[in-house]
Amino acid sequence: QVQLVESGGGSVMAGGSLTLSCATSSYLFNKYCMGWFRQAPGKEREGVAAIDSVGRTTYADSVKGRFTISKDNAKRTLYLEMNSLKPEDTAMYYCAAVWNGGNCYTPRNRPAEYNYWGQGTQLTVSS
């Protein structure tokens, strides 16, 4: 079982910035496909950003140019740097991981493709 622990959520004003972190103790961290997802009340969980083993990334159109996903293999930590935050970014943010037996060669941005999830961290953006 892979444990993912998110941190860094909070309340910010529109236009502000925040960075989320997701830590794991798994020694396979560098092989995982990893992603950030969010879910607002009454809405489906949606992909925000994803990263593969070598650092290739993909982003939802709604966050392109504002959010940056990155990872530190030595620290076994995934990050989501969020800038120019908008009220519509308000949601519970989750990190997720999946391992298919080897390296991850394509970032995956669909929730159904992941089988390990963190507990979530709340982001609230006020106007």
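The exercises below deal with the predicted model of one protein chain.

**Exercise 1.** State which elements the chain holds and why it counts as compact.

*Solution.*
Step 1. Count the elements: the chain has 11 strands and 0 helices.
Step 2. Take the radius of gyration, which is 14 Å. The globule rule gives 14 Å for 127 residues, so the chain is as compact as a globular protein of that length.
Step 3. Add the outline: along the principal axes, the C-alpha atoms fill a box of roughly 45 × 25 × 25 Å.
Step 4. Turn to burial and contacts. Of the 127 residues, 43% are buried. Among contacts between residues at least 6 apart in sequence, 62% join residues at least 24 apart.

**Exercise 2.** Work out which side chains of strand β11 are buried, and which strands pair with β11.

*Solution.*
Step 1. Locate the strand: β11 covers residues 121-126.
Step 2. Sort its side chains by face. T121, L123 and V125 point to one face and are buried. Q122, T124 and S126 point to the other face and are not buried.
Step 3. Find the parallel partner. Strand β2, residues 10-13, pairs with β11 in the parallel sense over 4 bridges. In this region S11 has T124 of β11 as its bridge partner.
Step 4. Find the antiparallel partner. Strand β9, residues 91-98, runs antiparallel to β11 and is joined to it by 3 bridges. Here Y93 has T121 as its bridge partner.

**Exercise 3.** Describe the largest nonpolar core and the place of Y93 in it.

*Solution.*
Step 1. Give the size: this core has 30 residues. Those with the most contacts inside it are W36, L80, M82 and Y93.
Step 2. Name the contributing strands. β3, β4, β5, β7, β8, β9 and β11 each supply at least two residues of the core. The largest share, 4 residues, comes from β9.
Step 3. List neighbours of Y93. Leaving aside residues up to four places away in sequence, Y93 touches L80, M82, T121 and L123, among others.
Step 4. Look for a further core. Another one, of 7 residues, lies apart from the largest core and includes C33, A50, A96 and Y114.

**Exercise 4.** Find the aromatic cluster and the charged residues that lie over rings.

*Solution.*
Step 1. The structure holds 4 aromatic pairs.
Step 2. F37, Y94, Y114 and W117 form one cluster.
Step 3. R45 lies over the face of W117, at 4.7 Å from the ring centre.
Step 4. The charged end of K71 sits over the ring of F29, 5.9 Å from its centre.

Note on methods. Residues numbered from 1 in each chain as written. Predicted model: local features only at pLDDT ≥ 70, side-chain atom pairs only at ≥ 80, totals over all residues. Heavy atoms only, no water. Buried < 20%, exposed > 50% of the residue type's maximum accessible area, 1.4 Å probe, protein only. Pairing = 2+ DSSP bridges. Phe/Tyr/Trp six-rings, centres within 6.5 Å; stacked < 30°, edge-to-face > 60°. Lys NZ or Arg CZ within 6 Å of the ring centre and 35° of its normal. Core = buried A, V, L, I, M, F, W, Y, C linked by side-chain atoms within 4.5 Å. Contact = heavy atoms within 4.5 Å. Rg over C-alpha atoms; globule rule 2.2 N^0.38 Å.
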